[in-house]
Amino acid sequence: MLAQAQATPTSDQLEEEKLERDFTDPLSTLPQLVVRDAYTPANYGPCTPPACLRNYETNQVIIRPLIPRVPPNTLLPVPQLIRPTFALVTVQSSKGGTRTEFGDLPVFDLAVLPWPDGKKTGFLVGVGPDVVFPTATSKSAGQGAWQAGPAVGAIYKGIPGLLIGFVAQNPVSFAYTSPKRPPQNTLEFQPVFALHLWEKWYLRSAEANWTIGWHRHSPTMLPLSLGLGRTLVRPGLPPMSLFVTGQWMVYRQFAPIAPQTTINFGLAVAFPQLRTYWGSEN
């Protein structure tokens, strides 16, 4: 009886595992805010006078809220997930050194489809538009193009303690901030993976974004990331998760400047009280 009781997860353990999935799941209806710092000590790049770009360390700070809109407090009959990504990037300068600038602003708006039934199958699918606003404050920090395209996300969480899925986006440029800006048509693929390990710890991979350019000689980059996360639940405080992941560029083509290795430090903060405000019951 004692062994059976120890093998049966408690309600607190089940809640911890659910939080681990929600903090990694891009289709979660848990309102949350993610702050991530991506530090890149090693880059690929040219090394010619006056600047050896590969020797410069770069950094990117991302602030990414996940804003769910759940019926009846939405125009759609299904949950609607809005995710903007604000970025502050430190990039190499062709004159030597680095500088910090604001990056472009991508936003996706996914509607979670009612089929298949996620509660029965553990499988969720979301579709919607993806828009990129050219908000970068320098040429090297952004693409200088207004872009729009489709986005789709798929998540499977039918196995206790495991979440696996992806988000795919393909923005296409239709207007530019300068006539010298090249057209953009890029597939962006974000693999998502979370596996409960023990107590409040979990294995995580959700920071690597694969990019495949469809135009001739457009950059293609395929990084992989893996690391650890830990949930924090304290009375009187919102649920949180801390995570650290390492990232390595497995493959690149036509990308003269690209990160080689990256360390991601992140904090995710949930606001479950907003679920009631927005009409979510889960």
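Start with the whole chain: its radius of gyration, taken over C-alpha atoms, is 20 Å, which agrees with the value near 19 Å for a compact globule of 282 residues. The globule rule is 2.2 Å times the number of residues to the power 0.38. This is a predicted model, where local features need pLDDT of at least 70, side-chain atom pairs count only at pLDDT 80 or more, and totals for chains, interfaces and linings use all residues. Residues are numbered from 1 along each chain as its sequence is written, and side-chain values use heavy atoms, with hydrogens and water left out.

Show the C-alpha trace. Along its principal axes it spans about 70 × 40 × 35 Å.

Switch to cartoon. You have four helices and 18 strands. These are DSSP runs (helices H or I, at least four residues; strands E, at least two), numbered from the N terminus.

Colour by burial. Of the 282 residues, 45% count as buried, meaning under 20% relative accessible area with a 1.4 Å probe, protein chains only.

Now select Phe 23, Leu 27, Leu 81, Phe 108, Leu 110, Ile 155 and Leu 163. They have the most contacts inside the largest nonpolar core, which has 21 residues. Such a core is a set of buried Ala, Val, Leu, Ile, Met, Phe, Trp, Tyr and Cys residues joined through side-chain atoms within 4.5 Å. Add the elements that each supply at least two of its residues, among them helix H2 (11-24), strand S10 (145-156) and strand S18 (258-270). Strand S8 gives the most, three residues.

Finish on Phe 108. Beyond its neighbours within four places in sequence, its contacts (heavy atoms within 4.5 Å) include Pro 26, Leu 81, Arg 83, Asp 130 and Val 167.

Key:
Buried means under 20% relative accessible area, exposed over 50%, partly exposed in between (1.4 Å probe, protein chains only).
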